[in-house]
Amino acid sequence: MPKVDTGSFHPLFWWLWALTILVILLVADSTLISFSVSLGAVALVLLKRSNTYWYQSFRWALRLAALAFVLRMAIGVVIGVPMPGQVLFTIPRITLPDLFVGVRLGGEVTSQRLSTAFDEAMLLVALILIFAAANALSNPHELLRVLPRRYYAIGLATVIASSVAPQSARSIQRVRAARRLRGKKSTGIASFRNVGIPVLEESLERSIDLAASLESRGYGYFPNPSRYRPHIWRFRETLALASPVYGLIFVLLLPALSGVLLACLLLIAVITPGFI
Amino acid sequence: MITFSNVSLIYPNAQRTIVEDITFTVNEGELLLLIGHTGAGKSSLLKLINGLIPHHTGGILTGEISVDGRSTRALRPGELADVVGIVGQNPINGFVSDVVEDEIAFGLESLGIAPEIMRKRVEEVLDLLALAPLRRRNISELSGGEQQRVAIAAALVTNPKVLLLDEPTSALDPIAAEEVLSILHRLVHDLGLTVILAEHRLERVIGFVDRIILIHGDGSMDLGPARQILNDSSIAPPLVELARKLKLGDIPLSIREFRKNAPQIKESEVEPVRKAKGAAILKIDSVSASYDEGRKVHALDGVSLEINGGEIVALMGRNGAGKTTLLRCAVGTAPLIKGEVRVKERDPEALTDKELIEFVGYIPQDAGDLLYGQSIEDECDLADSDNGVESGATLSIYQELMKIPGLNSHPRDISEGQRLGLALSIILAAQPSLVILDEPTRGLDYEAKKVLIKNLKSIASDTNRAVFISTHDVELVAEVADRVIFLSDGQVIADGSRQEVLKASPAFAPQVSKALPNNTWLCLSDVERFLNAKN
């Protein structure tokens with residue numbers, strides 16, 4: 001048998017890890033836990049740093065998370081229903097036509113409203129970072145090989161979806177460099193046309209090429225595909241996946257545990273696979 | 001093996017048919033060459049054979065195509081995977097794994113070949129394409145030539161009966177191209193493989209092929225023995241053109257054939273064209289640089305060179321020798337480790353964007369990176385305003401350069417060669433002092449190449465401007481270059497006139513020089529000058 005790559009986890013591992021943490025986040029519904037999970041995801045990616053292009057995409061995910069946070073906070077401050085609590089400051093209210101009953105623009109911003117917005121923004125950040133971490137740590141090409149080949153369309157869609165972000169991160173650098181050659185520095189929103197469109201077009205083109213290549217090599221057409229270098233789910237993966245599962249059990253069974261302690265435990269549970 | 005009967009193909013909303021009512025048969029074990037102008041539909045014809053058109057790309061197909069008795073209309077490309085292997089123009093986009101070995105095994109996995117047999121087949125193909133030392137390497141770190149070999153290996157591993165290749169040697173250096181072609185030749189002769197090859201650089205392949213398909217671009221095509229097609233084709237390699245110029249009766253297909261009945265030409269002294277040289281435009285002083293930010297590997301290792309105004313300098317060397325990195329130094333995008341780069345006494349990294357386009361025009365290997373318009377026309381207008389030139393300037397250069405314009409097409413939909421022509425027009429319109437081209441003849445036909453050569457020569461006739469080209473195309477170098485710099489493993493190993501460098505090694509010798517070894521000529525225009533002087 002060809003040598004099995006022992007350095008990395010099974011291609012599905014990080015996605016299972018992300019799903020487990022997703023459940024934790026939804027069950028716990030606590031800002032402190034969202035925060036500790038986000039922190040854990042960033043630490044984990046830094047810990048497993050590699051020079052691969054799918055890793056490079058994490059930088060863009062950080063920006064996306066920051067953007068999501070800012071947007072959610074801004075919406076929380078500007079739009080919303082009246083909420084009780086101490087009034088922190090007041091922004092001028094804009095009266096909307098009767099069509100938008102119950103929606104308010106501006107008005108009094110209370111502590112309650114601000115903290116709700118903050119909770120939801122943190123949850124959003126945690127979700128983005130967890131899936132970005134899974135994306136940054138697993139190799140999209142390897143994923144293709146472990147998905148059942150009979151479901152051609154599913155495999156293809158998954159691979160294209162999971163490789164678009166990392167490949168685009170790479171294209172952005174290249175297209176940006178090329179844009180300077182056309183005498184245009186690209187910054188801000190104006191750069192969308194100059195950099196965004198070519199990058200999107202390129203990722204579309206690459207996806208079509210990849211699909212054509214898979215198709216012309218018989219992917220998904222023959223009943224019993226075989227494996228050259230099988231990916232084996234070893235004890236190592238089970239061990240590493242055990243830590244977020246324990247995290248989930250803590251959250252489910254020990255609601256009485258103090259928030260800070262639980263957050264610390266979860267931080268450890270998120271990072272542990274990085275050391276296995 | 002392959003039969004086309006009354007096949008027509010048209011894309012919805014397209015103005016012209018790609019092929020119209022074509023009928024032909026390809027026999028088993030034939031090596032067929034597909035030629036035609038840039039954008040004439042060579043890639044489309046290849047994709048018709050394995051069913052990617054119309055199953056994957058759409059398009060309206062009439063008539064019947066069958067491969068090994070199976071109809072491509074009834075079967076999807078995946079169901080033909082055991083009969084037809086295809087290698088696309090950009091193999092990098094089609095790779096489905098990261099490791100060489102896994103990529104090659106992929107096709108076998110899909111077909112469900114037993115692991116023991118799979119292992120053996122992979123080993124065989126690794127050996128056949130000399131990839132064994134690279135088996136555990138990451139594909140994205142390989143050079144263009146190595147990637148091309150991996151793509152061919154991945155298509156060959158399933159033992160298909162038909163192999164389709166879209167410009168397999170255009171990204172390769174002459175030696176790597178020779179290797180790939182001789183492998184194909186061997187496969188055809190030993191295994192009876194049927195190979196169809198689309199290629200622009202006929203000089204490399206013409207000696208190997210049995211028959212030629214010439215696609216005219218208006219839907220019609222000719223199929224015949226190589227000699228017959230080339231006899232009256234406007235697409236012809238330098239050797240054929242040389243024979244025409246010297247009025248030899250029969251068209252030679254190889255250097256050997258030419259020499260057999262070549263006239264002995266006494267070369268009289270023809271005044272070499274003296275060119276005025278201007279001040280230094282590009283100065284590179286003991287530069288070491290890496291491929292990427294943060295990588296420790298040196299792509300360049302203490303390179304020093306100078307390019308003066310009025311010069312056309314060609315940069316040659318094997319795939320992965322550091323040519324692109326050297327070119328990138330001149331626009332300040334390569335990560336320098338030490339040394340100094342000066343463009344007209346200025347540091348390119350410190351130039352403002354506006355100054356940069358006045359100083360340097362650079363076309364990267366993937367010319368599409370430069371483009372962001374929504375149609376060719378739109379792109380030309382954008383370029384006019386970016387470059388601050390009068391409107392219409394870019395478009396007129398483009399129309400001169402390209403045979404089949406199709407101005408409403410999206411820049412992503414046109415062929416590789418057309419994209420290059422478009423990027424070239426944009427750069428030429430800005431009139432920079434230094435024009436840098438990375439592999440400018442990929443996908444260009446002979447006529448477009450002639451226009452390119454004319455344009456480059458007119459740039460260099462100005463002593464304040466210079467051209468720096470990296471290329472594998474020895475014929476281009478023979479025609480345009482004043483000086484040739486040879487790079488190997490990040491170091492300059494030769495720097496001299498084209499005479500000295502090209503004549504020194506047989507692998508890099510152009511056809512004219514091989515055909516007439518006793519003369520000093522390197523290219524057709526040298527011969528032309530002599531013939532004109534004689535008359």
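Arg346(B) is partly exposed in this predicted model, with a relative accessibility of 32%. Its side chain meets that of Glu355(B) in a salt bridge, at 3.1 Å from N to O. Glu355(B) also counts as partly exposed, at 24% relative accessibility.

**Salt bridges**

Over all chains, the count of salt bridges comes to 35. Three of these pairs are set out in the table.

| Acidic residue | Basic residue | N to O distance |
|---|---|---|
| Glu355(B) | Arg346(B) | 3.1 Å |
| Glu120(A) | Arg72(A) | 2.3 Å |
| Asp366(B) | Arg174(A) | 3.9 Å |

In chain A, the side chains of Glu120(A) and Arg72(A) form a salt bridge at 2.3 Å, N to O. Glu120(A) belongs to helix H4 (residues 111–137) of chain A and Arg72(A) to helix H3 of chain A, so the salt bridge ties together parts that are 48 residues apart in sequence. Glu120(A) is partly exposed, with a relative accessible area of 39%. Arg72(A) is partly exposed as well, at 22% relative accessibility. The value for Arg72(A) is not under 20%, so this residue does not count as buried.

A further salt bridge joins Asp366(B) to Arg174(A), with 3.9 Å between the closest N and O atoms. This pair crosses between chains: Asp366(B) is in the loop between strand S15 (360–363) and helix H14 (376–387) of chain B, and Arg174(A) is in helix H6 (residues 152–181) of chain A. Asp366(B) is partly exposed at 39% relative accessibility, and Arg174(A) is partly exposed with a relative accessible area of 34%. Salt bridges with shared partners link Arg174(A), Glu202(A), Arg206(A), Asp366(B) and Asp369(B) into one network.

**Nonpolar surface patch on chain A**

A nonpolar patch on the surface is formed by Leu64(A), Leu67(A), Leu71(A), Ile75(A), Val78(A), Ile79(A), Leu99(A), Phe100(A) and Val103(A). Together these residues have about 830 Å² of accessible area. Helix H3 (residues 53–78) of chain A gives the most to the patch, with 5 residues. An α-helix has 3.6 residues a turn, so residues three or four places apart point the same way. One of the patch residues, Ile75(A), is found in helix H3 of chain A. With a relative accessible area of 44%, Ile75(A) is partly exposed; this value is over 30%, so Ile75(A) meets the accessibility cut-off for a patch.

**Cavities**

Rolling a probe the size of a water molecule over the atoms shows where empty space is left. Searching the whole structure gives 3 cavities of 30 Å³ or more. The largest cavity has a volume of about 50 Å³. Its lining includes Glu201(A) from chain A. From chain B, the lining residues are Gly368(B), Leu371(B), Tyr372(B), Gly373(B), His410(B), Pro411(B), Arg412(B) and Arg419(B).

**Helix H16 of chain B**

Helix H16 of chain B covers residues 416–430, which makes 15 residues. From its first C-alpha to its last, H16(B) reaches 22 Å, close to the 21 Å expected at 1.5 Å a residue. H16(B) is mostly covered, with 15 of its 15 residues buried. After H16(B) comes Gln431(B), which has a positive phi near 50°.

**Backbone features of chain B**

Most residues other than glycine have a negative phi, and most peptide bonds are trans. Glu167(B) is not a glycine, yet its phi is positive, at about 45°. Glu167(B) sits in the loop between strand S7 (162–166) and helix H7 (174–191) of chain B, and is buried, with a relative accessible area of 4%.

Ser286(B), also not a glycine, has a positive phi of about 30°. Ser286(B) is placed in strand S11 (residues 280–290) of chain B. Its relative accessible area is 33%, and Ser286(B) is partly exposed.

The peptide bond that joins Ile53(B) and Pro54(B) is cis, with omega about 0°. Pro54(B) is in helix H2 (residues 52–55) of chain B.

**A contact over a long sequence separation**

Leu31(B) and Leu163(B) are 132 residues apart along the chain, and their C-alpha atoms are separated by 9.6 Å. Leu31(B) is in strand S3 (residues 31–36) of chain B. At 3% relative accessibility, Leu31(B) counts as buried.

Note on methods:
Residues numbered from 1 in each chain as written. Chains lettered and ligands numbered in written order. Predicted model: local features only at pLDDT ≥ 70, side-chain atom pairs only at ≥ 80, totals over all residues. Heavy atoms only, no water. Helix = DSSP H or I, 4+ residues; strand = E, 2+ residues; numbered from the N terminus. Expected span 1.5 Å × (residues − 1). Buried < 20%, exposed > 50% of the residue type's maximum accessible area, 1.4 Å probe, protein only. Patch = residues over 30% accessible without salt bridge, like charges linked within 9 Å, V, L, I, M, F, W, Y side chains within 5 Å. Areas by Shrake-Rupley, 256 points an atom, 1.4 Å probe, with all protein chains shown as cover. Salt bridge = Lys/Arg side-chain N within 4 Å of Asp/Glu carboxyl O. 1 Å grid on protein atoms, 1.4 Å probe; cavity = no way out; pocket = protein on both sides within 12 Å on 5 of 7 lines; lining within 4 Å. Points joined across faces, edges and corners; volume = space filled by probe spheres on them.
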